[in-house]
Amino acid sequence: MDNSTKKYILDIIEKDNCPFTEYEVYGFFTGLVLSSYEKNIIEDKIIKFLDLSQKSLLIVDNLLENIRSKIQASSFEIFEDKDNSNDHKASSLSEWTYYFLISFQGNYQQDNISPEIEEILAIYDEVSQIKQKYKLDEKENVTKESLNDINSFLVKSTLYLFNKNNDK
């Protein structure tokens, strides 16, 4: 995640003593950006789910716009290759994906969802369970490559979902 996005997320977490990690918050807000909820519903979800106060809504608006502009410019990223350990990367991807699904999935009716989107969401669900279901490979370079591939898939599919949603 780039520095401006991280700054907004950390401001939100600090301002309201939000109990979620930065990647949980990041995934949640990315899911909201890709949803087609009205602004009042988005704000209501944010306040209720993340337990944020009204005073955070200005920062929230800035964060949503920041994520939206990164996606539109195809400069969206979840983590950079140089970030932290493989265990941290796996946790970050898992947290980001789980909270993305929480905020995004309520937006689609099961009978209205395309097979492509259904497949992407199924993979996201699998990624959200990395830490629970999978053991990281003991070969450092294999694990690093796998996590980078997962990150790349999440980024590309997020761009796809955004574009698909805006084609409606």
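Start by selecting tyrosine 98, which counts as partly exposed because its relative accessibility is 42%. The terms work like this: buried means under 20% relative accessible area, exposed means over 50%, and partly exposed is in between, with a 1.4 Å probe and protein chains only. This is a predicted model, in which local features need pLDDT of at least 70 and side-chain atom pairs count only at pLDDT 80 or more, while totals for chains, interfaces and linings use all residues. Residues are numbered from 1 along each chain as its sequence is written, and side-chain values use heavy atoms, with hydrogens and water left out.

Tyrosine 98 sits in helix H5. Add tyrosine 124 to the selection: the two are 26 residues apart in sequence, and their C-alpha atoms are 7.6 Å apart in space.

**The whole chain**

Now show everything as a cartoon. The protein has eight helices and zero strands. Here helices (H or I, at least four residues) and strands (E, at least two) are DSSP runs, numbered from the N terminus. Of the 168 residues, 45% are buried. A surface view would cover about 9,100 Å² of accessible area, 47% of it belonging to carbon and sulfur atoms; such areas come from the Shrake-Rupley method with a 1.4 Å probe, and for residues only the protein chains shown count as cover. Among contacts with a separation of 6 or more, 74% are between residues 24 or more positions apart. A contact means heavy atoms within 4.5 Å.

**H2 against H5**

Select residues 22–34, which are helix H2, and residues 86–104, which are helix H5. Two packed helices are described by the angle between their axes and the distance between the axes. For H2 and H5 the angle is about 35° and the axes are 7 Å apart. Axes are lines fitted to C-alpha atoms, for helices over the stretch in contact, and angles run from 0 to 180 degrees between N-to-C directions. The crossing of H2 and H5 is right-handed, meaning that the near helix is turned clockwise from the far one by less than a right angle; anticlockwise would be left-handed. Residues in the contact include Tyr23, Phe28 and Leu34 of H2, and Trp96, Phe100 and Ser103 of H5. By class, this contact has 10 nonpolar, six polar and two charged residues. Ala, Val, Leu, Ile, Met, Phe, Trp, Tyr, Cys and Pro count as nonpolar, Asp, Glu, Lys and Arg as charged, and the others, Gly among them, as polar.

Next, pick leucine 34 in H2. Is leucine 34 buried or exposed? Leucine 34 counts as buried because its relative accessibility is 0%. The C-alpha atoms of leucine 34 and serine 103 are 9.2 Å apart, with their positions 69 residues apart along the chain.

**The core**

Select Phe29, Ile46, Phe76 and Phe100, the residues with the most contacts inside the largest nonpolar core, which has 49 residues. H2 gives the largest share of this core, eight residues. Such a core is a set of buried Ala, Val, Leu, Ile, Met, Phe, Trp, Tyr and Cys residues joined through side-chain atoms within 4.5 Å. Around phenylalanine 29, show its contacts, among them Ile12, Ile46, Leu50 and Val60.

**Two loops**

Most residues other than glycine have a negative phi. Asparagine 17, in the loop between H1 and H2, has a positive phi of about 50°. Asparagine 17 counts as exposed because its relative accessibility is 67%. Finish at serine 74, in the loop between H4 and H5, where phi is positive and near 55°.

Definitions and conventions
Lists of a residue's contacts leave out its neighbours within four places in sequence.
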